[in-house]
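This report describes a single protein chain in terms of its strands, its core and selected loop residues. The sequence and the model are shown first.

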Amino acid sequence: QVQLVESGGGLVQAGGSLRLSCAASGHTFSIDGMGWFRQAPGKEREFVAAVAGRANNGYYAHSVMDRFAISRDVANNAVYLQMNSLKPEDTAVYYCGASRMYSRAGPIYLHDYDYWGQGTQVTVSS
């Protein structure tokens with residue numbers, strides 16, 4: 001019903017920047033919120049950032065606050081993640097997710113997302 005296509009990953013040196021993009025297609029009217037998660041080797045997939053509906057404010061993991069910024073273009077069915085001051089510990093596969101409805105706990109849990117992109121690799125060298 002909904003397909004997500006991600007782009008923008010790559011190799012960057014510490015302190016550099018990358019901008020990830022996620023384009024949604026299909027029955028996008030069913031989407032409420034969108035977010036970004038990441039998964040490093042040997043680690044669980046973890047929350048990075050999310051925005052619900054047409055909200056102006058985003059939610060961020062403490063590890064990326066003041067460095068990453070999420071934005072959403074509802075009209076064009078796209079969400080972005082601007083990543084600045086990248087650190088080696090940011091290295092991971094980044095996934096775009098879309099939720100039909102967030103639970104009472106909010107946008108930080110995997111089970112609240114119904115659709116996922118294929119993931120894009122971000123590698124930050126020291």
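## Loop residues, sheets and core

Thr-28 has a relative accessibility of 16% and therefore counts as buried, a class defined as under 20% relative accessible area, with exposed meaning over 50% and partly exposed in between (1.4 Å probe, protein chains only). The model is predicted, so that local features need pLDDT of at least 70 and side-chain atom pairs count only at pLDDT 80 or more, whereas totals for chains, interfaces and linings use all residues. Residues are numbered from 1 along each chain as its sequence is written, and side-chain values use heavy atoms, with hydrogens and water left out.

Thr-28 lies in the loop between E3 and E4. Strands (E, at least two residues) are DSSP runs numbered from the N terminus, as are helices (H or I, at least four residues). Apart from residues up to four places away in sequence, Thr-28 touches Val-2 and Asn-77, where contact means heavy atoms within 4.5 Å.

Ser-30 is located in the loop between strand E3 (18–26) and strand E4 (33–39). Its relative accessibility is 18%, so Ser-30 counts as buried. The side chain of Ser-30 reaches the backbone oxygen of His-27 at 2.8 Å. Neighbours within four places in sequence aside, Ser-30 is in contact with Val-2, Ser-99, Arg-100 and Tyr-115.

Two strand pairs involving E4 and one involving E3 are set out below; strands pair if DSSP finds at least two bridges between them.

| Strand pair | Sense | Bridges | Opposed residues |
|---|---|---|---|
| E4 and E5 | antiparallel | six bridges | Trp-36 and Ala-49 |
| E4 and E9 | antiparallel | seven bridges | Gly-33 and Ser-99 |
| E3 and E8 | antiparallel | six bridges | Leu-18 and Met-83 |

E4 and E5 form a hairpin with six residues between them, and Gly-42 in the turn has a positive phi of about 75 degrees. Six of the seven residues of E4 are buried, so E4 is largely enclosed by the rest of the structure.

An open sheet of four strands follows the order E1-E3-E8-E7, with antiparallel pairing. E1 and E7 stand at its edges with a single partner strand each, so one side of each is left without a neighbour in the sheet. The twist averages 15 degrees from one strand to the next, taken from axes that are lines fitted to C-alpha atoms (for helices over the stretch in contact), with angles from 0 to 180 degrees between N-to-C directions.

How many disulfides does a search of the whole structure find? The search finds one disulfide, the term meaning a pair of cysteine sulfur atoms within 2.5 Å. Cys-22 and Cys-96 form this bond, with their sulfur atoms 2.2 Å apart. The pair links distant parts of the chain, Cys-22 in strand E3 and Cys-96 in strand E9 (residues 92–99), 74 residues apart. The torsion about their S-S bond is about -80 degrees, so the disulfide is left-handed. Both Cys-22 and Cys-96 are buried.

The largest nonpolar core has 33 residues, of which Leu-4, Trp-36, Leu-81, Met-83 and Tyr-94 touch the most other members. Such a core is a set of buried Ala, Val, Leu, Ile, Met, Phe, Trp, Tyr and Cys residues joined through side-chain atoms within 4.5 Å. E5 supplies the largest share of this core, five residues. Leu-4 touches residues including Cys-22, Met-34, Cys-96 and Trp-116, not counting those up to four places away in sequence.

Notes
Polar contact = N/O pair within 3.5 Å; in protein donor to acceptor, adjacent residues only side chain to side chain.
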